[in-house]
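User: I would like to go through this model step by step, with the reasoning set out for each point. Please begin once the sequence and structure are in view.

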Amino acid sequence: MPIVPLRLDAAVDAVTLLPTRVHLLERITERAPTSADAPAALVLVGLLRRDDGRPLPGSDLDRIAGLLSRSTRGDDWLARSGPTEFAVLLDGAAADAETAAHRLVAAVAAAGVGGLTACAGIAGISPEASAGEVHRRAILCLTAARSVGGGRVLRYSGSRR
C-alpha cells in the first residue's frame with residue numbers, strides 16, 4: 001500500500017496548527033459588516049529576538065502559540081499571521097484592545113524563551129476598510145513598534161490617504 005503524505009489545509013499552520021493569514025482575512029471580512037454596531041479589533045503580536053537572528057525553532061513557536069491561546073479571552077480568535085506574527089481578533093474598540101495587547105506582549109516576555117520579546121500593532125475593524133487594509137494598518141503599527149523595541153504596543157489612529 002502506498003504511503004500518502006499528510007496534507008494540512010492551507011488555512012492551518014503546519015507548526016502551530018493555528019489558522020493562517022488566509023483564514024484570518026476571511027474572518028475579518030465576515031466580521032466587518034457588524035463592526036459599526038459591535039466594535040472589533042485586530043491585534044498583531046510580533047516576536048523579536050535579541051540573539052543571532054536565526055529562525056525560532058518550531059517547538060518555541062508552538063510554545064508561544066499555546067501561551068497566547070491561554071492568554072486570550074473566550075471569544076477572542078487566534079491565528080498565525082506570518083513567520084513571527086500571531087493575530088488575535090477581539091470584540092471591543094481598538095482602544096480597548098490595547099489592554100489585551102499589553103497582556104499578550106507581557107506573556108511572551110515571561111515565557112522564558114531566551115532573548116525573545118514581543119511587540120504589538122492594533123487596528124480597528126470597520127465596514128469601510130477591507131480585510132487587507134485592516135491587516136495592513138496593524139502591520140504598519142507592528143513594524144513601527146518593532147523599530148522602537150520589545151514591549152511596545154501601537155494602535156492605528158490615522159486614515160488612509
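Analyst: What follows is a set of questions and answers on the fold, the sheet, one helix and one loop residue. The model is a predicted one, in which local features need pLDDT of at least 70 and side-chain atom pairs count only at pLDDT 80 or more, while totals for chains, interfaces and linings use all residues. Residues are numbered from 1 along each chain as its sequence is written, and side-chain values use heavy atoms, with hydrogens and water left out.

User: Which pattern of helices and strands does the chain follow along the sequence?

Analyst: Helices (H or I, at least four residues) and strands (E, at least two) are DSSP runs, numbered from the N terminus. By that count the chain has four helices and five strands. Read along the sequence, they follow the pattern α-β-α-β-β-α-β-α-β.

User: Which strands stand at the edges of the sheet?

Analyst: The five strands form an open, mixed sheet in the order 2-3-1-4-5, where two strands pair if DSSP finds at least two bridges between them. The two edge strands each have a single partner strand, so one side of each is left without a neighbour in the sheet; they are strand 2 (77–82) and strand 5 (153–155).

User: In strand 4, which residue is the bridge partner of Gly46?

Analyst: Strand 1 (residues 40–49) and strand 4 (residues 116–125) run antiparallel to each other and are paired over ten bridges. Within this pairing, the strand 4 partner of Gly46 is Cys119.

User: How many residues of strand 2 are buried?

Analyst: Strand 2 forms a hairpin with strand 3, with two residues between them, and five bridges join these antiparallel strands. One of the bridges is that of Leu78 with Val88 in strand 3. Buried means under 20% relative accessible area, exposed over 50% and partly exposed in between (1.4 Å probe, protein chains only). By that measure strand 2 is mostly covered, the buried count being six of its six residues.

User: Why are the buried residues of helix 1 on the same side of the helix?

Analyst: The buried residues of helix 1 (residues 21–31) are Leu24, Ile28 and Arg31. An α-helix has 3.6 residues a turn, so residues three or four places apart point the same way. Taking the arc from the directions from the helix axis to the C-beta atoms, the three are on the same side of helix 1 because they cover an arc of only 70°.

User: How is helix 1 oriented to helix 4, and at what angle do they pack?

Analyst: Axes are lines fitted to C-alpha atoms, for helices over the stretch in contact, and angles run from 0 to 180 degrees between N-to-C directions. Angles under 35 degrees count as roughly parallel, over 145 as roughly antiparallel, 65 to 115 as roughly perpendicular and the rest as oblique. Helix 1 is therefore roughly perpendicular to helix 4, their axes being 8 Å apart and the packing angle about 115°.

User: Which residues is Asp75 in contact with, leaving aside its neighbours within four places in sequence?

Analyst: Asp75 has its place in the loop between helix 2 (58–70) and strand 2, and Asp75 is exposed, with a relative accessible area of 67%. The C-alpha atoms of Asp75 and Asp91 are separated by 7.5 Å, although the two are 16 residues apart along the chain. With contact meaning heavy atoms within 4.5 Å, and leaving aside neighbours within four places in sequence, the partners of Asp75 are Leu89 and Asp91.
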